[in-house]
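User: Hi! I'd like to go through this model with you and ask how each label is earned.

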Amino acid sequence: MAQLSIPIPDEQINSAVHEVVEKMNLVPKSDLQGITWTMDEFRKKCCGGKSPTWVRTFIFDEFPETDYANGGWCLAPHKTDGIKGTTIFAYEATRWMEKHKYDIDWEAKTA
């Protein structure tokens, strides 16, 4: 039996793999460098969809090192004057969240 060989250009393979990786939300952390998220994106991608109030109370308030003013990855955790909204530096945030996932009280309730 003769074997049939069909050459597929690397560009097409890379493009197809990249498309599937994005659809499955499997973007490597290195791809997050230079990316910022809104509070909504951060809470959905890193906090299991917890509310913004929950995230501010049990992550930003409990761990002040997350605040950009303290060398962290969250700019304006409580929407200060002159700043439009909370900005999260995605790469640093995901690394911190992975390291501290067991330090966060995920069952805590807001009042």
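User: Where does Ile 8 lie relative to α1?

Analyst: Happy to help! Ile 8 lies in the segment before α1 (10–23). Helices here are DSSP runs of H or I with at least four residues, strands are E runs of at least two, and both are numbered from the N terminus. This is a predicted model, where local features need pLDDT of at least 70, side-chain atom pairs count only at pLDDT 80 or more, and totals for chains, interfaces and linings use all residues. Residues are numbered from 1 along each chain as its sequence is written, and side-chain values use heavy atoms, with hydrogens and water left out.

User: What makes Asp 40 and Arg 43 a salt bridge?

Analyst: The rule asks for a side-chain nitrogen of Lys or Arg within 4 Å of a carboxyl oxygen of Asp or Glu. The closest N and O atoms of Arg 43 and Asp 40 are 2.9 Å apart, so the pair meets the rule. The two residues are three apart in helix α2 (residues 39–46), which separates them by about one helical turn.

User: Which residues does the network of salt bridges link?

Analyst: Asp 40, Arg 43 and Lys 44 are linked in it. Lys 44 also forms a salt bridge with Asp 40, with closest N and O atoms 3.1 Å apart. By this rule the count comes to three salt bridges, including the one between Glu 98 and Lys 101 at 2.7 Å.

User: Why is Arg 43 called buried, and Lys 44 exposed?

Analyst: Buried means under 20% relative accessible area, exposed means over 50%, and partly exposed is in between (1.4 Å probe, protein chains only). Arg 43 has 14%, so it is buried. Lys 44 has 52%, so it is exposed. Asp 40, at 33%, counts as partly exposed.

User: How do you know which strands stand at the edges of the sheet?

Analyst: Two strands pair if DSSP finds at least two bridges between them. Three strands form an open sheet in the order β1-β3-β2, with antiparallel pairing. β1 (36–37) and β2 (74–75) each have a single partner strand, so one side of each is left without a neighbour in the sheet.

User: What makes β2 and β3 a pair?

Analyst: β2 and β3 (residues 87–89) are joined over two bridges in the antiparallel sense, so they satisfy the requirement of at least two. Cys 74 stands opposite Ile 88 in β3.
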